[in-house]
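Trainee: I am new to this structure and would like to go through it step by step. Could you show it to me before we begin?

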Amino acid sequence: MNEDLLQYIWLSGMFDIHNLKTTDGKIVEILKRGKLNKHAGPDFLEAQLKIDDTLWIGNVEIHLYASLWNSHQHQEDEAYNNTILHVVLNEDVTCFRKDGSPLPCLEIGKRINHQIISKYEFLRQNSLWVPCAEFLNKIDHFTVTQMLDRMMIQRLEHKTDLVKEWLKKVKNDWHSVFYYALARSFGFGTNSEAFEQLALQLPLSILAKYKSNLMQIEALVFGVSGFLNQEHLDDYHLTLQKEWHFLSQKHGLKSPDMKTFKFMRMRPGNFPTIRLAQFAALIHQSNHLLSQLLDEDDVHQIISFFKIEASEYWQTHYLFGKLSKKHASNLSISAIQNIMINGVVPVLFVYGQMIGNDSICQKALNILHQLPSESNQVIAQWSNYGVHSRTAFDSQALLELKKNHCDLRNCLNCKIGNKILIN
Ligand code: SF4
């Protein structure tokens, strides 16, 4: 048992609430349990109680043992003068407020069903991949769905800070923010940081000037990424180097060390050189992509915006100067889906939130509902435990649930965990 659980028990009323009495024999009637306070000060604010016939409005403090009131120095703290009830497992001492008045105490240790405590300890302490694995098949579909809905919103809201940071940089230019988000998503995780840096150093306004010329776009993209710094490796490399030399001087652009891009353990089709060439092709082929996305509801149509092919050179190369067998240079459907999940949807959602347009947020969620589930180890494990992911919405929500709830043993804040404790 810890204080988090005791707070949860107080808030959810999971204790015997009949004939409640303070430890000095006064009748307690709970009208409002109060709002959980996550900041400094008493645990629950604005509670309402009747003690005997007197109505009290104020705060409730929770401790495992009453003596913790003194250990935490609350008897010296005016912020606790408005505490109307001390809820404890055990009253081992009588407590007083700073103004000297005695603090009414409610002992609930004997009123708690011990199964709740043992289930909670089990969830908190076992080392299973999902601590609640053995209960999952008893949880109704509605509860799981409700939790996944919550996780999906939480996952998208986590992206808000990054979008806000970008917005500040570009003075609220959403087209540039979308460009940053797309660039990040072309890094497919391993190279996301490097792609973001590329976009931050190569303004969209410069790319827009050369949009109609794919070779110039490639020179800018590969130049800012550092791939044109070394000795020329073939004729095409040399062409891009010359163009980069001209454009970088004209626009005052610099090229960092290309070592920021990682190639390790990657299939050649995923090499950052290929992704950069595809990114360049997307910039070349698309027109006001964000506006198009905002106007389009059909997910298949949205997918078609990303059906691009890198320039001819990349059909026979994975790296500069190394000839390979002819291969496709287009973005695969799974790569497009990945870009939509990690680049398009978060920006649409945050954009909708920030301009107060719910239908845009809903549209972002609908895209996820229409895309197939991602397949990775985490999703496969959930499936082993009977939680199947059918859409990208499910898979994104399950990734969030695992990372930010299950792994942190945050079961008290989980609807599935709540159901397990109640039943
Ligand atoms: S957070 Fe929820 S889903 Fe995860 S282990 Fe706890 S109860 Fe289960």
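**Helix α4 and its surroundings**

Mentor: Let us start with helix α4, whose buried residues are Val 144, Met 147, Leu 148, Met 151, Met 152, Arg 155 and Leu 156. Buried here means that 20 or more other C-beta atoms, placed from the backbone, lie within 10 Å of the residue's own, whereas 12 or fewer make a residue exposed and counts in between make it partly exposed. The model is a predicted one, in which local features need pLDDT of at least 70, side-chain atom pairs count only at pLDDT 80 or more, and totals for chains, interfaces and linings use all residues. Residues are numbered from 1 along each chain as its sequence is written.

Trainee: Which helices do the buried residues of α4 pack against?

Mentor: Helices are DSSP runs of H or I with at least four residues, strands are runs of E with at least two, and both are numbered from the N terminus. Contact requires C-beta atoms, placed from the backbone, within 7 Å of each other. The partners of the buried α4 residues are α14 (333-354), α15 (358-370), α17 and α18.

Trainee: What distance does α4 reach from its first C-alpha to its last?

Mentor: Helix α4 covers residues 141-158, which is 18 residues. The expected span is 1.5 Å times one less than the number of residues. That gives an expected 26 Å for α4, and the helix comes close to this, reaching 26 Å.

Trainee: Which two helices each supply at least two residues of the shell around the ligand?

Mentor: The ligand is surrounded by 13 residues, and the closest are Cys 132, Cys 406, Cys 411, Cys 414 and Gly 417; a residue counts as near if its C-beta atom, placed from the backbone, lies within 6 Å. The two helices that each give at least two shell residues are α17 (392-406) and α18 (415-422).

Trainee: How many residues of that shell are nonpolar, polar and charged?

Mentor: Ala, Val, Leu, Ile, Met, Phe, Trp, Tyr, Cys and Pro count as nonpolar, Asp, Glu, Lys and Arg as charged, and the others, Gly among them, as polar. Counted in this way, the shell around the ligand has no charged residues, 3 polar and 10 nonpolar.

Trainee: Why is the protein said to be more spread out than a compact globule?

Mentor: The protein has 18 helices and 8 strands. For 423 residues the globule rule gives 22 Å, the rule being 2.2 Å times the number of residues to the power 0.38, with the radius of gyration taken over C-alpha atoms. The protein is more spread out than such a globule because its radius of gyration is well over that value, at 29 Å.

Trainee: How far apart do the C-alpha centres of domain 1 and domain 2 lie?

Mentor: The bounds, which come from an automatic or database domain assignment, place domain 1 at 3-112 and domain 2 at 156-370. The C-alpha centres of domain 1 and domain 2 are separated by 56 Å.

Trainee: Is Ile 274 buried or exposed?

Mentor: Ile 274 is found in helix α11 (residues 272-285), and beyond four places in sequence it touches Gly 269, Ala 310, Trp 314, Tyr 318 and Ser 329. Because 21 other C-beta atoms lie within 10 Å, Ile 274 is buried.

Trainee: Is Gln 377 buried or exposed?

Mentor: Gln 377 lies in helix α16 (residues 377-384). With 7 other C-beta atoms within 10 Å, Gln 377 is exposed.

Terms used:
Two residues are in contact if their C-beta atoms, placed from the backbone, lie within 7 Å.
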